[in-house]
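Student: I have a model open and would like to understand the labels people put on its parts. Could we go through the reasoning together?

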Amino acid sequence: MYTETETFRRSSDFVVTESGLMADFVTADEARALGLDDGHELLGIVDWCENFLGKPSGLVGRSGNVCPFVPEALMRGSLKFATVALNKRGLEAVTEIEEMIDACREHFLSGERVAGKMDIFGSMVLIFPGVTSEEAPLAIDPSQRKLKPSFVREGLMLGEFHPFSSTPGLRNRCFRPLRSPVPLLAIRHMVESDVDFLMAPNDPAATRVKSLRAYLKFLGPSLSVASQIKAREALRLAEAQALEE
């Protein structure tokens, strides 16, 4: 937890779980104003978002930044960060990670309901410095796979990042865009380009059916004709496969 200093003021954005875990969210500018050591995980992830996700890379396989969404989200202060101190380690930490992510999903949605509007750039990055790089594939990845459907149902996406991520880029299978300096999970709104993630064949057919239906429900009217065709064809194939399973 961070306490407010005399050098800046910010509005509190806390999430507290039933078991007492807490996430205290700050913007990139607020994180820099906290006076943390240069090696602090929070500052490291802010720097990674700005200088990796928010910059172009020849490895992506397309023009533009690694994540086109990040620069404007940072500029608007809509991308917020929190470090989460877990009480448990290794596989025992999975329950705590899932508890926190569930709580953050509800906090994210309730905040927009209260505001009466959606911030398409609104997003949360939850950093888990207590999870080692070696533990991350067994703690971060399973939590993301388990909870992703509950996010997609609400028009949200949940992304997993850690140093040992093996997930390849969509256009360059040798690129590893989800490798971050510290294990983390990220929450954001679903966008048009997410159809490629929601139709991924590594998900069970029944999961793809639900995900693609949610995609068309939340984004349908705003989608380009090409994305609508792609999503509806992927849904048709997933429905057929689900009947065979």
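Tutor: Gladly! Let's start with pairing: two strands pair if DSSP finds at least two bridges between them. Keep in mind that this is a predicted model.

Student: What makes E5 and E6 a pair?

Tutor: Six bridges join them, and the two strands run antiparallel. The cut-off is at least two bridges, so E5 and E6 qualify as paired. One of the partnerships links Gly159 to Ala186 in E6.

Student: Why is strand E5 called largely enclosed?

Tutor: Strand E5 covers residues 156-161, and six of its six residues are buried, so the rest of the structure largely encloses it. Leu156, Leu158 and Glu160 point one way, Met157, Gly159 and Phe161 the other way, and all are buried.

Student: Why does Glu98 count as buried?

Tutor: Buried means under 20% relative accessible area. Glu98 has 12% relative accessibility, so it counts as buried. This residue lies in helix H4 (residues 94-115).

Student: What makes the link between Glu98 and Lys146 a polar contact?

Tutor: The pair of N or O atoms must lie within 3.5 Å, one able to donate a hydrogen and the other to accept it. The side chains of Glu98 and Lys146 are joined at 3.1 Å, so the distance fits. Leaving aside neighbours within four places in sequence, Glu98 is in contact with Ser143, Lys146 and Leu147.

Student: Which residues have the most contacts inside the largest nonpolar core?

Tutor: Ile45, Val70, Phe81 and Val125, in a core of 29 residues. H2 gives the most to this core, with seven residues.

Definitions and conventions:
Residues numbered from 1 in each chain as written. Predicted model: local features only at pLDDT ≥ 70, side-chain atom pairs only at ≥ 80, totals over all residues. Heavy atoms only, no water. Core = buried A, V, L, I, M, F, W, Y, C linked by side-chain atoms within 4.5 Å. Buried < 20%, exposed > 50% of the residue type's maximum accessible area, 1.4 Å probe, protein only. Helix = DSSP H or I, 4+ residues; strand = E, 2+ residues; numbered from the N terminus. Contact = heavy atoms within 4.5 Å.
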